Amino acid sequence: MKTFPCSCGITLYFENFHCMACGATLGFLPDHLILSPIEPLPDGSWRALAEQADGKRYRKCRNYSEQDACNWMVPVDDPDDFCLACRLNQVIPNLEKPGNRELWIRIEQRKRRLIYDLRRHRLPVYPKSTFPDIGLAFAFLEDDPNEFEFHVSHGSSQILTGHANGLITINIAEADDIEREKMRLQMNEQQRTLLGHFRHESGHYYWDRLVADGPLLGVVRRVFGDERLDYAAALANYYQQGPVANWQQQFVSAYASAHPWEDWAECWAHVLQISDTLETAVAIGLAPPEVLAGSFADRIDHWIELALKINLLNRSLDQPDPYPFVLAPAVIEKLRVVDEVISGSGFSP
Ligand SMILES: [Zn+2]
Ligand SMILES: [Zn+2]
Ligand SMILES: [Zn+2]
């Protein structure tokens, strides 16, 4: 993630609503992918003050003006009340219920970062409400405590985080740190993060858009294996038997060994995570800007070095390794293929 300059000269961060120094109101401009100071106009719209925006007028996203849950803007000639990220919401949690608002705000924050990532890579973001067949949508659902007893006693599961036909479902318990850590331990995972869920599930969505039935299917299948393998049986097998032996040699995570689709989604999530973190490293002076324009091999070399440093810094702070993964050569090849699919998608922003 980049940082952004305020008119007053101080550095602004993606999540900010106001400049901490001069107090300016801020808005993220999805068409320019920048956070900009904005000034109110007499007609109720806002003028973006960042130079790139060239004085363009915007409205605040409805989740900004009414909820303070979003800091994104909508171009003034766009008829939608919601910004590019919020218009993807199909279901949000019941905000009347105590605690849900805090969880929802965390979820929206991660979702906006995902949408930023996708647009930065020039991946198409079409709302499902306008494009039912190829669009993307989100449902943020919670387990019904009344139904919970029923499900448990019948051995079936709660709301599952997942993707189907462009709809990404996130169980809002994933935004609760204690609940998520419990699930991480239960599933025996090295890492489980809210943003990681968004990245992983978006990988399934873009498989459908960029790989399935397209010219890239052959090369992806050669590297990830044949996805026609029975998915339900493969997952059932994974949960019964655990990952394949020595999975570290072939897979980025144990779960990636469950099925080629999961392998793809796990690698997709890593590529987004790595490129976002490298962009941050450049923005804050921890890596030279050339890294971002370099070859995949150069970026990965840089990443491996940087990830080790971040892990070591965290050990000094007695925190767990933020990147507890080993990237074997076969895994790096998979990441390279994902990176190529992303950079070759060629959609204009
Ligand atoms: Zn300022
Ligand atoms: Zn919004
Ligand atoms: Zn998955």
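A quick definition before we start: contact here means heavy atoms within 4.5 Å. Keep in mind that this is a predicted model.

User: Going by that cut-off, which residues does glycine 135 touch, leaving out those up to four places away in sequence?
Analyst: Glycine 135 sits in the loop between H2 and strand E9 (137–141). With a relative accessibility of 1%, glycine 135 counts as buried. Setting aside residues up to four places away in sequence, its partners are Tyr126, Pro127, Lys128, Gly166 and Tyr205.

User: And how far apart in space are glycine 135 and arginine 47?
Analyst: Along the chain, glycine 135 and arginine 47 are 88 residues apart. Going C-alpha to C-alpha, the spacing is 30 Å.

User: Let's do the metals. Which residues coordinate the zinc ion (ligand 1), and what geometry does the site have?
Analyst: The protein donors are the SG atoms of Cys6, Cys8, Cys19 and Cys22, at 2.2 to 2.3 Å. In sequence they're spaced C-x1-C-x10-C-x2-C. Angles among the 4 donor atoms run from 107 to 112°, and four donors count as tetrahedral if all angles lie between 85 and 135 degrees. So the site of the zinc ion (ligand 1) is tetrahedral.

User: How many residues apart in sequence are the parts that cysteine 6 and cysteine 19 tie together?
Analyst: Cysteine 6 is in the loop between strand E1 (4–5) and strand E2 (11–12), while cysteine 19 is in the loop between E2 and strand E3 (25–29). Both cysteine 6 and cysteine 19 are buried. Given those two loops, the pair links parts whose separation in sequence is 13 residues.

User: What about the zinc ion (ligand 2): what spacing do its donors follow along the chain?
Analyst: Cys61, Cys70, Cys83 and Cys86 each offer an SG atom, lying 2.3 Å from the zinc ion (ligand 2). The site is tetrahedral, with angles of 105 to 115°. Cysteine 61 is buried at 0% relative accessibility, and cysteine 70 is buried with a relative accessible area of 0% as well. Along the chain, the donors follow C-x8-C-x12-C-x2-C.

User: Which residues coordinate the zinc ion (ligand 3), and which helices do histidine 200 and glutamate 262 lie in?
Analyst: The zinc ion (ligand 3) is held by His200 (NE2), His204 (NE2) and Glu262 (OE), at 2.0 to 2.1 Å. Histidine 200 and glutamate 262 are both buried. The pair ties together parts 62 residues apart in sequence, because histidine 200 lies in helix H5 (residues 194–211) and glutamate 262 in helix H8.

User: How do H2 and H8 lie with respect to each other?
Analyst: The axes of helix H2 (residues 100–120) and helix H8 (residues 260–283) come within 11 Å and cross at roughly 90°. Angles from 65 to 115 degrees count as roughly perpendicular. That's why H2 and H8 are called roughly perpendicular.

User: How do the residues of the contact of H2 with H8 divide into nonpolar, polar and charged?
Analyst: From H2 come Arg113, Leu114, Tyr116, Asp117, Leu118 and Arg120, and from H8 come Trp268, Leu272, Ser275, Asp276 and Glu279. The split is 5 nonpolar, 1 polar and 5 charged.

User: Last one: what phi does leucine 33 have?
Analyst: Most residues other than glycine have a negative phi. Leucine 33, in the loop between E3 and strand E4 (34–40), is not a glycine, yet its phi is positive. At 15% relative accessibility, leucine 33 counts as buried. Its phi is about 55°.

Conventions
Residues are numbered from 1 along each chain as its sequence is written. Chains are lettered from A and ligands numbered from 1 in the order in which they are written. This is a predicted model: local features need pLDDT of at least 70, side-chain atom pairs count only at pLDDT 80 or more; totals for chains, interfaces and linings use all residues. Side-chain values use heavy atoms; hydrogens and water are left out. Axes are lines fitted to C-alpha atoms, for helices over the stretch in contact, and angles run from 0 to 180 degrees between N-to-C directions. Helices (H or I, at least four residues) and strands (E, at least two) are DSSP runs, numbered from the N terminus. Angles under 35 degrees count as roughly parallel, over 145 as roughly antiparallel, 65 to 115 as roughly perpendicular and the rest as oblique. Ala, Val, Leu, Ile, Met, Phe, Trp, Tyr, Cys and Pro count as nonpolar, Asp, Glu, Lys and Arg as charged, and the others, Gly among them, as polar. Donors are N, O and S atoms within 2.8 Å of the metal (3.2 Å for Na, K and Ca); water is not among the atoms, so sites may look incomplete. Buried means under 20% relative accessible area, exposed over 50%, partly exposed in between (1.4 Å probe, protein chains only). Four donors count as tetrahedral if all angles lie between 85 and 135 degrees; four count as square planar and six as octahedral if opposite donors are over 155 degrees apart and all others between 65 and 115; anything else is irregular.
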